[in-house]
Amino acid sequence: MRRLLYLLPFLLFIGVGVAFYLGFERDPRDIPSALIDKPAPVFELPPIEGLPASAGLSSARLTGDVTLVNVFASWCIPCKAEHPVITRLSREKGVTVFGINYKDKPEDARTWLSRNGDPYAAIGADQDGRVSIDWGVYGVPESYLIDRQGRIRFKHVGPLTPEVIDQQILPMVKHLRQG
Amino acid sequence: MTRVLSGGLRRGVLGGAMGVVLGGILALSAASPALSVQPDEVLADPGLEHRARAISQELRCLVCQNQSIDDSNAPLARDLRLLVRDRLKAGDSDEKVMEFVTDRYGDYVLLRPPFKATTLVLWLGPFAVLALGAVGTFLFLRGRRGAAATADTAPLSADEQRRLDALLRKDD
C-alpha cells in the first residue's frame, strides 16, 4: 500500500505526459466556431464585378434547403485543391453550394472561375472581408453547412476533402433534409 | 583591453558612440509596439484611439494565435482593428465591442479567458494541484512524526541502557 503511494507521482507524471502527447495530434488552427446552431449572419453581398448572370448572395437565399457556403479566393492555394471536391458535391451529389469570394480582385476571381469551373449557385463578393468576419472566418477556405431554417450547423476549416464530404458533410445533409 | 584602458579620450569617444547606438536601440524598441497599427487606422479622437488600443491588446489574432491583433501584421488583424474602431466610433462601450467580436469568434479570441463553467479546470486546476500537494505533504510529515514517536524515540530498554553506559565509560 505504502509503496503504491510512492508510485503515485510517477503515475501522475505518466498521465500528464500522455495528455500532452495526445495534444500534439490536435490542430491548433482548428478553432471551434462560435456560430454553430446559430442563425447565419444577415448579409447582402454584390456579385463579382463583370461576372455574367450573377446576382450576388444574401442571407435570404440560405433558407429552404440544406446548403453549403464556401469561402474562397483566387489567391488561396488550398481553395484550388478543394475546388474539384466542391464541384463534385454540387454537380453530382446535388447539394447547393454558395460562394463567398473573400478579398479578391474581380478580374482574378473571374479568371480563376473560368479556368477551374464555377460550381456555385451564386457568389457574393466580400471585398473588404467584413461579412466574412460576421461569419467568423479567419482563413480561407472555410465551409459552412446551413440547415433549412438558415442556421449554421457545421463548419470546416481548410480545404474540403472527399473524406470530409463522405464521412461528415453528406450524412449531415441527409439528416438535416429530414429534419 | 589595454587599448581601451590606455586613453581617457578614446574612452570618451567610445562612450559617445555607444550612447548614440544605445539611444537608437531604445528609440527603435519604444517604437516597435506601434508598428502594426498603420497610420491610416488611427482615430482622430485620442480618447477613442486609446480605448481601441486597449481593446486590441486583449484580442487574439486568429492567424498568428499568440499575438494580439494590436501586435499582428496579419491582414485579418488589421480588419479586426478597423472593426473595433468602427464599433467605438458608432458609440459602443468597450464591453459591447468585446461581445461583438466574441459573438463571431468565440472565447478563443480573448487573450484572457473568462471564468465560467467550461474554464473551471483552467482557472482552478493549479490551485487544486497545490491543495493536493499540501494535503500530501501534511500526511507525509504527520506519518513520519508518528513513525518517529513509536520506533525511534521509545525509551531505551534496560539492556540497551547498560550497553550504552558501558560504551560511554570506555570512551573516558
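Biologist: Is A:Lys103 buried or exposed, and how do I tell?

Modeller: You count neighbours: a residue is buried if 20 or more other C-beta atoms lie within 10 Å of its own, exposed if 12 or fewer, and partly exposed in between, with C-beta atoms placed from the backbone. A:Lys103 has 18 C-beta neighbours inside 10 Å, so it counts as partly exposed. Bear in mind that this is a predicted model, where local features need pLDDT of at least 70, side-chain atom pairs count only at pLDDT 80 or more, and totals for chains, interfaces and linings use all residues. Residues are numbered from 1 along each chain as its sequence is written, while chains are lettered from A and ligands numbered from 1 in the order in which they are written.

Biologist: What about the phi of A:Lys103?

Modeller: Most residues other than glycine have a negative phi, and most peptide bonds are trans. A:Lys103 has a positive phi near 45°, and it sits in the loop between strand S4 (96-102) and helix H3 (106-116) of chain A. Helices (H or I, at least four residues) and strands (E, at least two) are DSSP runs, numbered from the N terminus.

Biologist: And which phi does B:Gln65 have?

Modeller: Phi of B:Gln65 is positive, about 70°, though the residue is not a glycine. B:Gln65 belongs to the loop between H3 and H4 of chain B. Its 13 C-beta neighbours inside 10 Å are why B:Gln65 counts as partly exposed.

Biologist: Where is the cis peptide bond?

Modeller: It joins A:Val140 and A:Pro141, with omega about -5°. A:Pro141 is in the loop between H4 and strand S6 (142-146) of chain A.
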